[in-house]
Amino acid sequence: MTDYNLYWGEIHNHNELGYAQGSLERSYEIARSHLDFYSFTPHGLHADGGVPDGYPIVNANWDKIRQAAIDHDDPGIFTCFLGYEWHSARWGHVHVVSTEDAEFMHCARSYKDLQDHFRGRQTILVPHHTGYDQGVDWELFDEELSPVVEIFSEHGSSERDIGLFPMLGHSGGPGASRFTVQGGLAQGKRFGFTAGTDNHDGYPGGYGLGLTGVWARENTREGIMEAFRSRRTMAVTGDRIIVTFDAGEAPMGSVI
């Protein structure tokens with residue numbers, strides 16, 4: 001892994017722009033103080049619920065959200081991505097993270113529509129808290145669009161349905177084993193792991209709630225995104241444990 005550097009970041013976090021608390025400015029200030037990369041992911045819409053065209057507060061502030069990602073992005077120092085969360089009771093929840101500064105949030109009415117819109121773009125769709133019942137649609141799961149899956153957050157661990165960190169069930173329960181990460185891997189799906197806080201107090205990278213490490217060539221949008229797509233990632237719950245392994249010349253995340 002001599003060609004790569006380890007960077008730590010958060011790509012799943014909320015504040016007052018979408019039902020949570022804490023200002024956008026405060027979120028970026030906290031993120032920059034201790035992280036290498038960050039994506040603010042406001043609760044954007046509920047595709048098969050009451051707000052398929054976007055939450056009013058996010059729609060009204062999209063230009064502000066977009067501009068903040070642009071203004072705070074500091075290549076080599078602090079990388080920022082534009083993002084948002086897409087909700088669905090049927091297909092699960094994903095956060096959309098992009099190197100592109102989209103003028104508008106895409107309010108897809110179905111998971112397939114969401115996938116088709118972002119196919120071929122520098123964007124990833126990250127399923128999260130999949131361990132809940134209907135937490136992910138493994139049949140529609142696309143490894144190109146979703147090279148990583150969030151395995152841990154304040155909701156608990158989606159790795160399996162037993163263990164030290166069960167799903168808490170506070171907003172998406174109950175759990176179901178076939179939707180867990182182990183359930184997806186058993187079906188032959190291939191993906192890397194991330195962890196994020198998913199907290200609702202505007203504090204990115206809060207200790208104990210999930211953090212993502214990536215092995216990337218450089219701390220830029222392109223560098224971090226390439227690491228996600230190549231699955232050179234690790235998910236931790238708190239301490240920044242350094243994990244690295246390879247198989248001959250193939251680094252972690254490779255297919256051999």
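This passage walks through the salt bridges, backbone geometry, surface and interior of a predicted model.

Salt bridges offer a good place to start. Side chains of opposite charge can pair when their charged atoms come close. In this model the count comes to ten salt bridges. One of them joins Asp101 to Arg221, with the closest N and O atoms 3.1 Å apart. Asp101 sits in the loop between strand 5 (93–98) and helix 4 (111–118), while Arg221 belongs to helix 6, so this pair ties together parts that are 120 residues apart in sequence. The two partners can also be described by their exposure. Asp101 has a relative accessible area of 25% and is therefore partly exposed, whereas Arg221, at 8%, counts as buried.

A second pair is formed by Asp142 and Arg119, whose closest N and O atoms are 2.6 Å apart. Here both residues come from loops: Asp142 from the one between strand 6 and strand 7, and Arg119 from the one between helix 4 and strand 6, so the bridge ties together parts that are 23 residues apart in sequence. Asp142 is buried, with a relative accessible area of 18%, a value that falls under the 20% cut-off for burial. Arg119, in contrast, is partly exposed at 42%. The pair does not stand alone, for Lys112, Asp116, Arg119 and Asp142 are linked in a network of salt bridges. As a further point of reference for Arg119, its C-alpha lies 24 Å from that of Trp215, a residue 96 positions away in sequence.

Helix 6 (221–229) and the residues that follow it bring several of these features together. The buried residues of this helix are Arg221, Gly223, Ile224, Met225, Ala227 and Phe228. An α-helix has 3.6 residues a turn, so residues three or four places apart point the same way. Among the buried positions, then, is Arg221, the salt-bridge partner of Asp101. Glu226 is partly exposed, with a relative accessible area of 28%. The side chain of Glu226 meets that of Arg232 in another salt bridge, at 2.5 Å from N to O. Arg232 counts as buried, with a relative accessibility of 3%.

Just after helix 6, Arg231 takes a positive phi of about 65°. Most residues other than glycine have a negative phi, and most peptide bonds are trans. Arg231 has this positive value although it is not a glycine. The residue lies in the loop between helix 6 and strand 11, and counts as buried at 17% relative accessibility. Gln134 also has a positive phi, near 65°, and is likewise a residue other than glycine. Gln134 is placed in the loop between strand 6 (123–128) and strand 7 (148–153). With a relative accessibility of 32%, Gln134 counts as partly exposed.

Turning to the surface, Ile241, Val243 and Phe245 form a nonpolar patch, and together these residues have about 280 Å² of accessible area. Val243 is found in the loop between strand 11 (233–236) and strand 12 (246–247). This residue is partly exposed, with a relative accessible area of 34%. Elsewhere, Leu168 counts as exposed at 55% relative accessibility, a value over the 50% cut-off. Leu168 lies in the loop between strand 8 (156–157) and helix 5 (181–186). The C-alpha atoms of Leu168 and Glu154 are 8.3 Å apart, and the two residues are 14 positions apart in sequence.

The interior can be described through its enclosed space. A search of the whole structure finds one cavity of 30 Å³ or more, and the volume of the largest cavity is about 30 Å³. Its lining is made up of Trp91, Gly92, His93, Val94, Tyr111, Pro127, Gly135, Val136 and Asp137. By type, these lining residues divide into five nonpolar, three polar and one charged. The charged member of the lining is Asp137, and the polar group consists of Gly92, His93 and Gly135.

Note on methods: Residues are numbered from 1 along each chain as its sequence is written. This is a predicted model: local features need pLDDT of at least 70, side-chain atom pairs count only at pLDDT 80 or more; totals for chains, interfaces and linings use all residues. Side-chain values use heavy atoms; hydrogens and water are left out. On a 1 Å grid over the protein atoms alone, a cavity is a set of points where a 1.4 Å probe fits but cannot get out, and a pocket is an open set with protein on both sides within 12 Å along at least five of seven lines; lining residues have an atom within 4 Å of a point. Grid points are joined across faces, edges and corners, and a volume is the space filled by probe spheres set on the points. Patches are made of residues with over 30% relative accessible area and no salt bridge: like charges are joined within 9 Å, nonpolar side chains (Val, Leu, Ile, Met, Phe, Trp, Tyr) within 5 Å. Accessible areas come from the Shrake-Rupley method with a 1.4 Å probe; for residues, only the protein chains shown count as cover. A salt bridge is a side-chain nitrogen of Lys or Arg within 4 Å of a carboxyl oxygen of Asp or Glu. Helices (H or I, at least four residues) and strands (E, at least two) are DSSP runs, numbered from the N terminus. Buried means under 20% relative accessible area, exposed over 50%, partly exposed in between (1.4 Å probe, protein chains only).
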